[in-house]
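Reader: I should like to understand how the terms in a structural description are justified. May I put some questions to you?

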Amino acid sequence: MPRLVATMKTDNISGSSSGCSSSSGHGDSQQTGRKTGSNDMMFLGNSSVQVSTRLFQRLGNRRMSLFTKELATLIFGKETLAKSTLTGKGKTAETLDPEKVNAIIDTVRETFPGTEVSAIRALLRRKCNNESYNTNVTPH
């Protein structure tokens, strides 16, 4: 994961520090990993959420939990995860973009068939909590 984060910091991908963007244009393929017009970006699942192909390929896909947390960091970035929740409830919490959350869920379920949506949402909730905690205890 540190390698992924370091790569994300050094790459400037479509003006987004999280390595993700949304686009309303879809290609012909409706699968995870379908390519966009650019060689560097790919769509996730059936959504308009795009990520860097190179960074996506670096995600650890041995364990569902690690894959989910790394994908969330790739899509949202640590700062957004730290100040957000899935529902937007809580002290000054913002809601994570539902389209991006659904893209994560779809991608994880395609990569790890049989995974329950509730397990993925629990991991996303935990990731937000961990990033929020790390932001609050780490001096800036």
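**From values to terms**

Author: Of the 140 residues of the chain, 44% count as buried, where buried means under 20% relative accessible area, exposed over 50% and partly exposed in between, with a 1.4 Å probe and protein chains only. This is a predicted model, in which local features need pLDDT of at least 70 and side-chain atom pairs count only at pLDDT 80 or more, whereas totals for chains, interfaces and linings use all residues. Residues are numbered from 1 along each chain as its sequence is written, and side-chain values use heavy atoms, with hydrogens and water left out.

Reader: What makes up the secondary structure of the chain?

Author: The chain has six helices and five strands. Helices (H or I, at least four residues) and strands (E, at least two) are DSSP runs, numbered from the N terminus. From that end, the order of elements is α-β-β-β-α-α-α-β-β-α-α.

Reader: Why is Leu74 called buried or exposed?

Author: Leu74 lies in helix α3. Its relative accessible area is 0%, and therefore Leu74 is called buried.

Reader: Why is Gly60 called buried, partly exposed or exposed?

Author: Gly60 belongs to the loop between α2 and α3. With a relative accessible area of 23%, Gly60 is called partly exposed, because that class lies between the limits of 20% and 50%. Not counting residues up to four places away in sequence, Gly60 touches Leu66, Phe67 and Glu70; a contact means heavy atoms within 4.5 Å. Gly60 and Glu70 are ten residues apart in sequence, and their C-alpha atoms are 7.6 Å apart in space.

Reader: Why is Lys127 called buried or exposed?

Author: Lys127 is placed in helix α6. Its relative accessible area is 6%, so Lys127 counts as buried. Lys127 and Thr85 are 42 residues apart in sequence, with 9.4 Å between their C-alpha atoms.

Reader: How do you know whether the length of α3 agrees with its number of residues?

Author: The expected span of a helix is 1.5 Å times one less than its number of residues. For the 13 residues of α3 this gives 18 Å, and the end C-alpha atoms are 18 Å apart, so the two agree. After α3 comes Gly77, whose phi is positive, near 85°.

Reader: Why is α3 described as largely enclosed?

Author: Ten of its 13 residues are buried, so α3 is largely enclosed by the rest of the structure. Among these buried residues are Met64, Glu70 and Phe76.

Reader: How do α3 and α5 pack?

Author: Helix α3 (residues 64-76) and helix α5 (residues 98-111) pack at an angle of about 150°, with axes 10 Å apart. Axes are lines fitted to C-alpha atoms, for helices over the stretch in contact, and angles run from 0 to 180 degrees between N-to-C directions. The residues in contact include Phe67 and Leu71 of α3 and Ile104 and Val108 of α5.

Reader: What is the largest nonpolar core, and which element gives the largest share?

Author: A nonpolar core is a set of buried Ala, Val, Leu, Ile, Met, Phe, Trp, Tyr and Cys residues joined through side-chain atoms within 4.5 Å. The largest one has 27 residues, of which Leu44, Phe56, Leu71, Ile75, Ile104 and Val108 touch the most other members. Two or more residues come from each of β3 (49-52), α2 (53-57), α3, α5 and α6 (117-137). The largest share, seven residues, is that of α3. In soluble globular proteins, nonpolar side chains tend to be buried together.
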